[in-house]
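Ready for a few exercises? Keep the structure open beside you and try each task before reading its solution.

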Amino acid sequence: MRRKSTRNLTGTTPLGGTPIFKSGRANESTSLPLHTILPDPNQAREILPSEEMKQALYDGASPLDIMDQMLKFKDHQPVQNIIQLAETIKNAGLIQPISVRPKEKTGLTDLPATVSHIITTGERRWWAHVYLAATKHTLLGQLPTNIAVTLAAIRKFSEGRSKCS
């Protein structure tokens, strides 16, 4: 039986509602609309070619609009890498879901109201999906408005450290 979905430019959500994790346990899988996820602003790896783009993203600009700006920097190595990864995902699918945390668990404030999760791992895979959506490529016969995600394990640094000693 096919599930009813609501489609629009910003994403598809099962039964017209907001997708959520049922158990809230680490490694639980689901699918979330691209526009409800943002990269961690404290991530050391710089993917966006300019600070202005980064600021616009966290001020509420659409990831698709940011991608349109990024494509003007095709000679920027991280942008080339995203395009190559997008081609791989287009041909083989997303093999490893990205990991996210609910924004409430990150301590980040002043995020756009549409954002529900922050990426912990897989930012390049998320940008590759945004690229595919922005350039109107299909993935399994549909625009990739959603992405497979898992709920990241949240541990305090001291917990992980004590286990290593």
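A residue counts as buried when its relative accessible area is under 20%, as exposed when that area is over 50%, and as partly exposed in between. With that cut-off, 37% of the 165 residues of the protein chain are buried. Please keep in mind that this is a predicted model.

**Exercise 1. Getting an overview**

Task: Find how many helices and strands the protein chain has, and write down their order.

Solution:
- Start with the count: the protein chain contains five helices and seven strands.
- Next, walk from the N terminus, and the order reads β-β-β-β-α-α-α-β-β-α-β-α.
- Then look at the contacts with a separation of 6 or more: 65% of them join residues 24 or more positions apart.
- Finally, turn to the surface. The accessible area of the protein chain is about 10,100 Å², and carbon and sulfur atoms account for 51% of it.

**Exercise 2. Tracing the strand pairings**

Task: Work out in which sense strand 7 pairs with strand 3 and with strand 5, then follow the pairings of strand 6.

Solution:
- Begin at strand 3 (residues 29–33), which pairs with strand 7 (residues 146–151) in the antiparallel sense over five bridges. In this pairing, Thr30 lies opposite Val149.
- Move to strand 5 (residues 98–102): its pairing with strand 7 is parallel, over three bridges. Here Ser99 faces Thr150.
- Continue from strand 5 to strand 6, where four bridges join the two in an antiparallel arrangement. Val100 stands opposite Ile119 of strand 6.
- End with strand 4, which pairs with strand 6 in the parallel sense over three bridges. Leu38 has Ile118 as its bridge partner in strand 6.

**Exercise 3. Explaining a salt bridge**

Task: Locate the one salt bridge of the structure, and explain how its two residues are placed in helix 3.

Solution:
- First, identify the pair: the side chains of Lys90 and Glu87 meet at 3.6 Å, N to O.
- Check this distance against the cut-off, which asks for a side-chain nitrogen of Lys or Arg within 4 Å of a carboxyl oxygen of Asp or Glu.
- Now consider the helix. Because Lys90 and Glu87 are three residues apart in helix 3 (residues 77–92), about one helical turn separates them.
- Last, check the exposure of both partners: Lys90 has a relative accessible area of 30% and is partly exposed, while Glu87, at 29%, is partly exposed too.

**Exercise 4. Examining helix 4**

Task: Compare the span of helix 4 with its expected value, then decide whether this helix is largely enclosed or open to the outside.

Solution:
- Take the 12 residues of helix 4 (residues 123–134): at 1.5 Å a residue, they should span 16 Å. The end C-alpha atoms are 16 Å apart, so the two values agree.
- Count the buried residues next. Since 10 of the 12 are buried, helix 4 is largely enclosed by the rest of the structure.
- Among these buried residues are Arg125, Trp126, Trp127, His129 and Tyr131.
- Look more closely at Glu123, which is also in helix 4. Its relative accessible area is 13%, so Glu123 is buried. Leaving out residues up to four places away in sequence, Glu123 touches Pro39, Gln43 and Ile47.
- Step past the end of the helix: Lys136 follows helix 4 and has a positive phi, near 65°.

**Exercise 5. Exploring the nonpolar core**

Task: Identify the residues with the most contacts inside the largest nonpolar core, and find which element gives the most to this core.

Solution:
- Recall the general trend: in soluble globular proteins, nonpolar side chains tend to be buried together.
- In this model, the largest nonpolar core has 34 residues, and Ile37, Met70, Trp126 and Trp127 have the most contacts inside it.
- Several elements supply at least two residues each, including strand 4 (37–39), helix 1 (51–58), helix 2 (63–70) and strand 6 (117–121). Helix 4 gives the most to this core, with seven residues.
- Inspect Ile37: beyond residues up to four places away in sequence, its contacts include Val100, Ile119, Trp126 and Val149.
- Finish with Met53 in helix 1. Met53 is buried, with a relative accessible area of 7%. Met53 and Met70 are 17 residues apart in sequence, and their C-alpha atoms are 8.2 Å apart in space. Met53 touches Met70, and its other contacts beyond four places in sequence include Leu48, Ile66 and Phe73.

How values were computed:
Residues are numbered from 1 along each chain as its sequence is written. This is a predicted model: local features need pLDDT of at least 70, side-chain atom pairs count only at pLDDT 80 or more; totals for chains, interfaces and linings use all residues. Side-chain values use heavy atoms; hydrogens and water are left out. Two strands pair if DSSP finds at least two bridges between them. Buried means under 20% relative accessible area, exposed over 50%, partly exposed in between (1.4 Å probe, protein chains only). The expected span of a helix is 1.5 Å times one less than its number of residues. Contact means heavy atoms within 4.5 Å. Accessible areas come from the Shrake-Rupley method with a 1.4 Å probe; for residues, only the protein chains shown count as cover. A nonpolar core is a set of buried Ala, Val, Leu, Ile, Met, Phe, Trp, Tyr and Cys residues joined through side-chain atoms within 4.5 Å.
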